[in-house]
Amino acid sequence: MNLLFIAWRNFRYRALSSFLTTLSLMLGVGLVVLVMAIYGIVSEAFVRNAAVGYNLVVGPRGSALQLTLNSVYYLSQPIENLPYTEFMEFFPAEERARMVREYGGDPALGERDGVYAGFVAGGYAIPLALGDYFGEFRVVGTTPDFFEKLRHGPEVDQPFTFQDGRALKTFTPENQYFECVLGSRVAAQTGLGVGDTMNPTHGDPEGKGHGQGFQIVGVMSPTGTPNDRAVFVNLEGFYLLEGHAKPIEDDAIIVPPERDPDDPRPPLLMIPEREVTSILVRNGNVMFAPGMQNRINESGRAQAAAPIGEINKLMSMIVGPLLSALLVITLITCVVAAFGVLVAIYNSMNDRRRDIAVMRALGARRGSVTWVILFESLIIAIIGGAAGWLLAHIAIYGAGTFIEQQTGVQVGLFSVSQFEWLLLPFVILLSLLAGIVPAMAAYRTDVGSNLSA
Amino acid sequence: MLTIANLIKKFQQPGGGELTVLDVPRFEIANGEQVALIGESGGGKTTLLHLIAGMLAATSGSIRIDNIELTRLSEQGRDRFRAATIGYVFQTFNLLPAFSALENVKLGMSFGNGRVDHARAMDLLDRVGLADRANYRPKQLSVGQQQRVAIARSLAGRPKLLLADEPTANVDPASADLVLNLIIDSCRDESIALLMVTHSMEVAGRFERIDRLEDINHIPALKQV
């Protein structure tokens, strides 16, 4: 009969005390695993959401973090806008000239390359116009390029797909400029789908309705990015909404757009009337990104921020320390639970002294009875630790669908977060340490005085 | 089998000084011999058994068992020796409550050479008439049955010397007779030397050799102050 079996028998004999001690350790370990999992999911979600294919976000001067939160996460308070001409600076002369011809504006704009066009070469610049809401969801005015050029996923190589319908187009005869696409969560939460109409409100979720609806032409497949909780409307339609045209300054030079008299399309806003909230930029060669970022920031008109850098800053300055504090608190819970192991076993030592003396009388060495107590601690640690770990993983797995919907992070039953593998050895070590005090009491137990005649 | 010479045991007193409880110039038991040692309470009977079992260290003198000088062994050596050579039956049985009757018997084998012989454990339980109670916990057994399990446990490690400390003191007369027979017969069957301490002349009367503690211990019980 080995010492582990003897310890197991003792564990079972004091069933209630053993159960309660193991339960407290199990809850401690479960909490730590949950916090570690949340830490991992939050970190992955942040990085994943920031990895959207573009390397810079350009917007009005101010807080780079707020610009990132607005443009990448569709969070935070709305920010100011940039004139459309700032967006045009990312394009070569011929594209700028086409814009002038199509929208109307100062012809001089089309006579030169944009100041950042050389940096973009081979990449893209996609405009975003924010400020409207559909219920709690942000409305994002953008162009079809958003769906054609952006990628998502862990490798940032997956194009956006649609569970129903298609991407929006700049103009269709049936919907004209008023098409929109719903993110998967918006569709799931509102129950709207292709063929329905979405009416945005101006300024905030409780704001005034625009009166002009957008025809829903597509519902995106889940991406696990903030795009799941956004409504994408055609930028030209967004401009045409009431109150979205910027007043034209008196000294503005405007040549009206070249229009075919038979063109059935309604006129668009002219360049001086247009604004963008931010511009998503990917450099054809990412080596140009730092140079372009400096150039933009030195221009005094706009700022450029690297989303991943901003998110990492947010993680390291706010989210990371908060999660670390939470982790420390839960680890303390584990230590308290281990202290409970010490108290439970130590309190039972008075009852055990006679048993220990009997074992010693049967020939057990001091070391053997010491190990019996340590093994009992070990049993509590292994059962409590394993049960806590399993319980936490079952809970995480149970919430897997919700987590994936909210963050895009997939969690399996045995998805192990970083450092989690250290937890069980840590708990075992902690429990063995807790077992040392009662084990030493067992070691010191005097046979003669503890044996009845 | 057992030879004691000039054995002295002193205890430290809480207030300082030493209290001598045993001074045994000579005491011997031959192989397979059965001896009853009678004496008054407080006369040092249990202390003598603890010294012979190696659970206490002697202050001076010699305890030689099976040609091994016990007083020269370390505590660990005495533990090993006890597990391999000595069986012990307590007055209050001292079965471990967390273990079944069978497991209690097996515990008697666990600390010797480490080999647990299930068949022997069952055979011993059968011999004490408790094979059908093998899986009972001590609290599910009567007092007499508990002492019979304790006897089986004391024999489990095939000891050469069995020490029995008032084994019938806590059992009813009918069980006492059965317990006594079991101890005496088992030791005879397995050629185990037996030293039983008792204050009962009736129990001692079952032995061919009866020694009085006051004859071998030079410290009289009433003078242990």
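Visitor: Before we count anything, what are the helices and strands here?
Guide: They're DSSP runs, numbered from the N terminus. A helix needs at least four residues, of type H or I, and a strand is type E with at least two.

Visitor: Okay, how many helices and strands does chain B come to?
Guide: Keep in mind that we're looking at a predicted model. With those run lengths, the secondary structure of chain B adds up to eight helices and nine strands.

Visitor: And why is chain B called as compact as a globular protein of its length?
Guide: For 225 residues, the globule rule gives 17 Å. The radius of gyration of chain B is close to that, so chain B is as compact as a globular protein of that length, at 17 Å.

Visitor: What share of the residues of chain B count as buried?
Guide: To be buried, a residue needs 20 or more other C-beta atoms within 10 Å of its own. Of the 225 residues of chain B, the share that passes is 48%.

Visitor: Which elements of chain B have the lowest and the highest mean pLDDT?
Guide: Chain B as a whole has a mean pLDDT of 89. Among its elements, the lowest mean is 86, for helix α8 (residues 213-216), and the highest is 95, for strand β4 (residues 60-65).

Visitor: Over in chain A, which elements do the buried residues of α12(A) pack against?
Guide: Helix α12 of chain A covers residues 349-361, and its buried residues include I356(A) and M359(A). In chain A, the buried residues of α12(A) pack against α13, α15 and α16. From chain B, their partners are α1 (45-53) and β6 (86-89).

Conventions. Residues are numbered from 1 along each chain as its sequence is written. Chains are lettered from A and ligands numbered from 1 in the order in which they are written. This is a predicted model: local features need pLDDT of at least 70, side-chain atom pairs count only at pLDDT 80 or more; totals for chains, interfaces and linings use all residues. The radius of gyration is taken over C-alpha atoms; the globule rule is 2.2 Å times the number of residues to the power 0.38. A residue is buried if 20 or more other C-beta atoms lie within 10 Å of its own, exposed if 12 or fewer, and partly exposed in between; C-beta atoms are placed from the backbone. The expected span of a helix is 1.5 Å times one less than its number of residues. Two residues are in contact if their C-beta atoms, placed from the backbone, lie within 7 Å. pLDDT is the predictor's confidence in each residue, from 0 to 100.
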